[in-house]
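Me: I've got a model open and I'd like to learn how to read its features. Can you walk me through a few, starting with how helices cross?

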Amino acid sequence: MSRHYPSSADPKAKPFTVPAIRALKGSEKIAAITCYDASFARLIDQISIQLVLVGDSAANVIYGLDTTLPIGIEEMMMHTRAVAAGLSRALLVSDMPFLSYQPSAETAITNAGKLLQSGARAVKVEGGGSHIRGIISKLVEVGIPVMGHLGLLPQSVHRSGGYKLQGRDAPDAERMLVEAKLLEEAGCFSVVLEKIPADLAQKITSAVSIPTIGIGAGQHCDGQILVLYDLLGLDPAFKPRFVRRYAELADVIKQALADYADDVMGGKFPSDEESFP
Ligand code: KIV
């Protein structure tokens with residue numbers, strides 16, 4: 001159970017605010033995880049996780065789609081509501097889905113507002129170019145905390161041509177380093193670094209005063225995030241290098257379902273105790 005500090009079950013436990021997450025840089029590593037529903041959120045709430053992301057990876061792991069592009073703001077609002085219902089301590093951040101922020105700052109504010117009204121306390125957007133930074137500044141100006149996202153940008157998968165390691169060549173690495181500093185200047189309280197070399201992530205982490213949260217970015221980031229279903233081993237076929245599986249739940253779940261089916265077909269379920277007289 002809780003190892004480093006009290007869980008939400010502890011009455012003294014305070015919720016993690018945006019400034020509290022920022023303040024963890026340099027003092028404590030940040031454990032972050034994605035989540036999409038209330039049942040898992042309730043479990044996460046009982047352990048020491050500081051940040052929970054309702055990722056648009058829901059498109060992949062919940063809806064079975066190849067990319068994150070088809071998921072929309074309505075789905076992200078529903079998943080945000082569900083997670084918020086089960087969570088009391090970790091900072092809840094929601095991904096802004098494809099085309100919910102890119103068109104204009106006005107569109108971004110309207111859609112980020114919907115996520116905050118659904119229970120998120122901050123939003124995450126992908127990219128570090130000048131257009132996105134302009135939108136981030138406007139979000140922050142109206143009081144909406146923003147997490148940045150650099151490196152592999154799943155919403156730009158068709159531009160990058162696949163889910164490849166980013167920042168490998170010197171100009172790309174230099175651009176990312178500059179963009180990380182500019183994201184901080186634009187007002188981001190934290191930045192996700194996805195699938196980049198560990199030494200680049202280390203340089204970025206030293207260059208900015210906001211926490212970096214890595215996924216496939218090595219051990220020098222200020223925190224780490226994994227997709228919940230990957231960590232739990234719900235898809236045995238998906239095992240990228242950067243994922244550590246802490247359970248093999250696919251096996252556990254299949255066994256439970258097979259036992260149930262056997263019991264029903266063998267007339268062993270329900271028993272008298274499981275029936276009403
Ligand atoms: O959508 C997502 O799950 C993410 C994480 C991989 C950071 O953006």
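Reply: Sure, handedness first: a crossing is left-handed if the near helix is turned anticlockwise from the far one by less than a right angle, and right-handed if clockwise. Keep in mind that this is a predicted model. Here, α8 and α9 cross in the right-handed sense.

Me: At what angle do α8 and α9 pack, and how far apart are their axes?

Reply: Helix α8 (residues 170-186) packs against α9 at about 25 degrees, and the axes are 9 Å apart. Angles under 35 degrees count as roughly parallel, so α8 is roughly parallel to α9.

Me: Which residues of α8 and α9 make the contact?

Reply: On the α8 side you'll find A173, M176, L177, A180 and K181, and on the α9 side L200, K203, I204 and A207. Sorted by class, that contact has 7 nonpolar, no polar and 2 charged residues.

Me: Let me try another pair. How should I read α4 against α5?

Reply: Same recipe: distance, angle, handedness, then residues. The axes of helix α4 (residues 73-86) and helix α5 (residues 105-117) come within 8 Å, crossing at roughly 25 degrees. These two helices are therefore roughly parallel to each other. As for handedness, α4 passes α5 in a right-handed crossing. I73, M76, M77 and T80 of α4 make the contact with N111, K114 and L115 of α5. By class, the tally for α4 with α5 is 4 nonpolar, 2 polar and 1 charged residues.

Me: And α5 with α6: at what angle do their axes cross?

Reply: Roughly 50 degrees, with the axes of α5 and helix α6 (residues 130-141) coming within 9 Å. That angle makes α5 oblique to α6. The crossing, with α5 passing α6, is right-handed. A105, A108, I109 and A112 in α5 meet I135, K138 and L139 in α6. That contact of α5 with α6 counts 6 nonpolar, no polar and 1 charged residues.

Me: Okay, on to the ligand. Which residues are around the ligand?

Reply: Start with the neighbour list, then look for polar pairs. Around the ligand sit T34, L53, G55, D56, S57, D95, K124, H149, V192, I215, I225 and V227. For polar pairs, take D56: an N or O atom in its side chain is 3.0 Å from an oxygen atom of the ligand.

Me: How far is a polar side-chain atom of S57 from an oxygen atom of the ligand?

Reply: That one is 2.5 Å for S57. Then there's K124, with an N or O atom of its side chain 2.9 Å from a ligand oxygen atom.

Me: Now the backbone. What sign of phi do most residues other than glycine have?

Reply: Most residues other than glycine have a negative phi, and most peptide bonds are trans. So scan for departures from that pattern. L99 has phi near 70 degrees, a positive value in a residue other than glycine. You'll find L99 in the loop between β3 (91-95) and α5. K195 isn't a glycine either, and its phi is positive, about 50 degrees. K195 is in the loop between β6 (190-194) and α9 (198-207).

Me: What about the peptide bond from F269 to P270, cis or trans?

Reply: The bond from F269 to P270 is cis, with omega near 0 degrees. To locate P270, go to the segment after α11 (249-265).

Technical notes. Residues are numbered from 1 along each chain as its sequence is written. This is a predicted model: local features need pLDDT of at least 70, side-chain atom pairs count only at pLDDT 80 or more; totals for chains, interfaces and linings use all residues. Side-chain values use heavy atoms; hydrogens and water are left out. Axes are lines fitted to C-alpha atoms, for helices over the stretch in contact, and angles run from 0 to 180 degrees between N-to-C directions. Helices (H or I, at least four residues) and strands (E, at least two) are DSSP runs, numbered from the N terminus. Angles under 35 degrees count as roughly parallel, over 145 as roughly antiparallel, 65 to 115 as roughly perpendicular and the rest as oblique. Contact means heavy atoms within 4.5 Å. Ala, Val, Leu, Ile, Met, Phe, Trp, Tyr, Cys and Pro count as nonpolar, Asp, Glu, Lys and Arg as charged, and the others, Gly among them, as polar. A residue is near a molecule or strand if one of its heavy atoms lies within 4 Å of it. A polar contact is a pair of N or O atoms within 3.5 Å; within protein, one must be able to donate a hydrogen and the other to accept it, and residues adjacent in sequence count only if both atoms are side-chain atoms.
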